[in-house]
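Several descriptive terms can be applied to this predicted model. The questions below ask on what grounds each one is used.

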Amino acid sequence: MRAVVQRVSRAQVDVDGRTVGEIGTGLMVLLGVTHDDTADLAERLAAKIWNLRILRDEKSAADTGAGILVVSQFTLYGDTRKGRRPTWTAAAPGPVAEPLYDAFCASLRSLGATVAEGVFGADMAISLTNDGPTTLILEL
């Protein structure tokens, strides 16, 4: 499981011209799932992100109650080592990835997070204001 985590002052995701998720100050999480990921791994990654001290004054979302916007992102497992066209074979297919995406979001909520989401598998337009900028790549 791979996540790109960005500290934001605002973030929003739209599908078909309609806002489906938005947050103010908090974390934007792009989440990629691969074939051998598990619900336990999703839970561990959620806890790691919830407690990650990357907000202002070295605080975490757990400390501040900052929102977290989660968007599925299979392209995080794109392989560009050969040629000019990425391959996506390392990304888990939807029937595998979607339940793990849901488990990740549910784990965040069980920790107390306010979670906004994109729509799994949809063509999404994401806008955000990166704060810092602070961007990390996490992989468990």
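## Grounds for the terms

α1 passes α3 in a right-handed crossing.

Q: Why is α1 called oblique to α3?
A: The axes of helix α1 (residues 39–51) and helix α3 (residues 94–111) come within 8 Å and cross at roughly 45 degrees. Angles under 35 degrees count as roughly parallel and those from 65 to 115 as roughly perpendicular, so α1 is oblique to α3.

Q: What makes up the contact of α1 with α3, by class?
A: On the α1 side, A39, A42, E43, L45, A46, A47, I49 and W50 take part, and they meet L100, A103, F104, S107, L108 and L111 in α3. Sorted by class, this contact has 12 nonpolar, 1 polar and 1 charged residues.

Q: Why is strand β1 described as largely enclosed by the rest of the structure?
A: Strand β1 covers residues 2–15, and 11 of its 14 residues are buried, so the strand is largely enclosed by the rest of the structure.

Q: Why is V8 called buried?
A: V8, whose place is in strand β1, has a relative accessible area of 0%. Buried means under 20%, and V8 is therefore buried.

Q: Which residues does V8 touch, not counting residues up to four places away in sequence?
A: V8 touches I23, G24, T25, G26, L27, M28, L128, T129, N130 and D131. In addition, the C-alpha atoms of V8 and L55, which are 47 residues apart along the chain, are separated by 8.8 Å.

Q: How do you know that β1 and β2 pair?
A: Two strands pair if at least two bridges are found between them, and β1 and strand β2 (residues 18–23) have 5 bridges, in the antiparallel sense. Within this pairing, Q12 stands opposite E22 in β2, while the bridge partner of A11 in β2 is I23. The hairpin of β1 and β2 has 2 residues between the strands, and D16 takes a positive phi there, near 55 degrees.

Q: How do you know that β1 and strand β3 pair?
A: The requirement is again at least two bridges, and β1 and strand β3 (residues 26–32) pair in the antiparallel sense over 7 bridges. One of the residues concerned is R7, whose bridge partner in β3 is L27.

Q: What shows that β1 and strand β6 pair?
A: Here 12 bridges, in the antiparallel sense, join β1 and strand β6 (residues 124–139), set against a requirement of at least two. In β6, E139 is the bridge partner of R2.

Q: Why is S72 called buried?
A: S72, found in strand β4 (residues 67–72), has a relative accessible area of 15%. The limit for buried is under 20%, and S72 is therefore buried.

Q: Which residues is S72 in contact with, leaving aside its neighbours within four places in sequence?
A: With those neighbours left aside, S72 is in contact with L31, Y101, F120, G121 and M124.

Q: Why is P133 called exposed?
A: P133, which is found in strand β6, has a relative accessible area of 66%. Exposed means over 50%, so P133 is exposed. As for its position, the C-alpha atoms of P133 and Y77 are separated by 23 Å, and these two residues are 56 residues apart along the chain.

Notes. Residues are numbered from 1 along each chain as its sequence is written. This is a predicted model: local features need pLDDT of at least 70, side-chain atom pairs count only at pLDDT 80 or more; totals for chains, interfaces and linings use all residues. Side-chain values use heavy atoms; hydrogens and water are left out. Buried means under 20% relative accessible area, exposed over 50%, partly exposed in between (1.4 Å probe, protein chains only). Helices (H or I, at least four residues) and strands (E, at least two) are DSSP runs, numbered from the N terminus. Axes are lines fitted to C-alpha atoms, for helices over the stretch in contact, and angles run from 0 to 180 degrees between N-to-C directions. Angles under 35 degrees count as roughly parallel, over 145 as roughly antiparallel, 65 to 115 as roughly perpendicular and the rest as oblique. A crossing is left-handed if the near helix is turned anticlockwise from the far one by less than a right angle, and right-handed if clockwise. Contact means heavy atoms within 4.5 Å. Ala, Val, Leu, Ile, Met, Phe, Trp, Tyr, Cys and Pro count as nonpolar, Asp, Glu, Lys and Arg as charged, and the others, Gly among them, as polar.
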